[in-house]
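Colleague: I should like to go through the reasoning behind the terms used for this model. Please set each value against its cut-off and then conclude.

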Amino acid sequence: MNTQNNQKTTNNINVFDNRFLNSKSLYMHYFGKLPNVNYISSVDGERAFNAFTKTYHAYIKDIHEYSWFEYKKKKYVFDMAMVVLNCNFLIEFDEEYCYLLHDGTQNEMLGIVTTLAMQFKERQRRQPLEINLICREGNGMTLRGMEIKRARLDIDLFYEDEFKPVNDTIIKRLNQKKDKGIVLLHGLPGTGKTTYLRYLIGKIKKRVLFLSPNIAGNLMSPDFIDLLIDNPDTVLIIEDAENIILDRRMSNDSSVSNLLNISDGLLADFLNVQLICTFNSSLTLVDSALMRKGRLIAKYEFGKLSIEKAQRLSTHFGFDTVITQPMTVAEISNQHEKTFEPSQRIEVLGFRRDAVLEN
């Protein structure tokens, strides 16, 4: 690429994203080439930024900082900084991570920055009580941490015996690094799917993302792919996923194809995203491609507990009820609540309406 074309390319690059600056575009703006990218997670970015700028200020060409005003502290708080070096090197310092962008020839500087960042490596903050909700913000997508309830769960008590080996498989695979695949969990409402998800999140040693069904239809949008690229090796949960996984012969929606690309297509090779889909429908309505060997991690249908299991769980909850039929977890745990039957409705036809109203 000659200088004129190079300049034309860099001038046409939009270095801003919906939040601040896009480090990859900024690199091209400065150096006119695509960067190699190294990623270091769980770093105190502010402390690493301060240490680097103080120690290696002679290498720095430009600094672009983003901060926000915290009213309680009455001062601006660090959020992100882009440090441009003289040697085709750019560092993005975030509150929780570092991106190192370079041309592949600066091994010495790569080692320097990596060593420095590791000094501020935070202990991996595995937060089993937090799930990251994917939200649309402006023209892009962002993550918002949401706290969920702790679920101490006795698998043997709450579920049938056949579920235990399935649970073991799910936990083992979801904690496997750089893995991919799909977990399908379905069954009647109230059978313990959400309770199990709360328990499962506490067992996963990865970042967990939650995608609502209304956003899940845009699985292949550039904004969503960018979000997954910035959060590799994660677990993505889609609740009420009927419309996403419906057999393509029954729907013209492209959601299933998009799901397949993320879970086992070319994108999956570098995204390393594992998916958990929960739904109430029968497994027969699910596209068969989602259940192919090598793609499917596990599947399980949650149903009513057998009389024996239901009796054990009822006794565990402190009820003295004698269980005589299979019941869902919700029915067992809430059996003290009054059941409200729908009131009988009198259907009135034609001239009978006036007579009924008079009575």
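Colleague: Why are H6 and H7 called oblique to each other?

Modeller: In this predicted model, H6 and helix H7 (residues 193-201) pack at an angle of about 40 degrees. Roughly parallel would require an angle under 35 degrees, and roughly perpendicular one of 65 to 115. The value falls in neither class, and H6 and H7 are therefore oblique. Their axes lie 11 Å apart, and the crossing is right-handed.

Colleague: Which residues of H6 and H7 meet?

Modeller: From H6 come Phe163, Asn167, Ile170, Ile171 and Leu174, and from H7 come Tyr196, Tyr199 and Leu200. By class, this contact has 7 nonpolar residues, 1 polar and no charged.

Colleague: How do you know whether Asn167 is buried or exposed?

Modeller: The relative accessible area of Asn167 is 4%. Buried means under 20%, so Asn167 is buried. Asn167 lies in helix H6 (residues 163-174). Leaving aside neighbours within four places in sequence, Asn167 is in contact with Ile155, Tyr196 and Tyr199.

Colleague: What are H3 and H4 called with respect to each other, and why?

Modeller: Helix H3 (residues 45-55) and helix H4 (residues 107-119) pack at an angle of about 135 degrees, with their axes 10 Å apart. An angle must be over 145 to count as roughly antiparallel, and 65 to 115 to count as roughly perpendicular. Neither applies here, so H3 and H4 are oblique to each other. The crossing of H3 and H4 is right-handed.

Colleague: What makes up the contact of H3 with H4, by residue and by class?

Modeller: Ala48, Ala51 and Phe52 of H3 meet Met109, Val113 and Leu116 of H4. The residues of this contact divide into 6 nonpolar, no polar and no charged.

Colleague: What is notable about phi of Ser42, and is Ser42 buried or exposed?

Modeller: Ser42 has a positive phi of about 55 degrees, although Ser42 is not a glycine. Ser42 is found in the loop between strand S1 (36-41) and H3. With a relative accessible area of 11%, set against the limit of 20%, Ser42 is buried.

Colleague: Why is Asp233 called partly exposed?

Modeller: The relative accessible area of Asp233 is 21%. Buried would need a value under 20% and exposed one over 50%; Asp233 is therefore partly exposed. Phi of Asp233 is also positive, near 55 degrees, in a residue other than glycine. The place of Asp233 is in the loop between helix H9 (222-230) and strand S10 (235-238).

Colleague: What makes Ala268 count as buried?

Modeller: The relative accessibility of Ala268 is 0%, and the limit for buried is under 20%; Ala268 therefore counts as buried. Ala268 belongs to helix H12 (residues 268-271). Not counting residues up to four places away in sequence, Ala268 touches Lys180, Asn261, Ile262 and Ser263. Ala268 and Lys180 are 88 residues apart along the chain, while their C-alpha atoms are separated by 6.8 Å.

Colleague: Where is Val273 found, and is Val273 buried or exposed?

Modeller: Val273 is in the loop between H12 and strand S11 (274-279). The relative accessible area of Val273 is 0%, so Val273 is buried. Beyond residues up to four places away in sequence, the contacts of Val273 include Asp179, Lys180, Gly181 and Leu228. Thr234, Leu236 and Ile262 are also touched by Val273. Val273 and Lys177, 96 residues apart in sequence, are 10.0 Å apart from C-alpha to C-alpha.

Colleague: How many helices and strands does the protein have, and what share of the residues is buried?

Modeller: The protein has 15 helices and 12 strands, and buried residues make up 43% of its 359 residues. Of the contacts with a separation of 6 or more, 67% are between residues 24 or more positions apart.

Colleague: Which elements have the lowest and the highest mean pLDDT?

Modeller: Helix H15 (residues 352-358) has the lowest mean, 41, and strand S4 (residues 89-94) the highest, 95. Over residues 1-10 the pLDDT is below 50, and this stretch has 8 contacts in the model beyond near neighbours in sequence. Residues 124-128 also stay under 50, with 9 contacts beyond four places in sequence. The protein averages a pLDDT of 81, and 81% of the residues score at least 70.

How values were computed: Residues numbered from 1 in each chain as written. Predicted model: local features only at pLDDT ≥ 70, side-chain atom pairs only at ≥ 80, totals over all residues. Heavy atoms only, no water. Axes fitted to C-alpha atoms, helices over the stretch in contact; angles between N-to-C directions. Helix = DSSP H or I, 4+ residues; strand = E, 2+ residues; numbered from the N terminus. Left-handed = near helix turned anticlockwise from the far one by under 90°. Contact = heavy atoms within 4.5 Å. Nonpolar A, V, L, I, M, F, W, Y, C, P; charged D, E, K, R; others polar. Buried < 20%, exposed > 50% of the residue type's maximum accessible area, 1.4 Å probe, protein only. pLDDT = per-residue confidence, 0-100.
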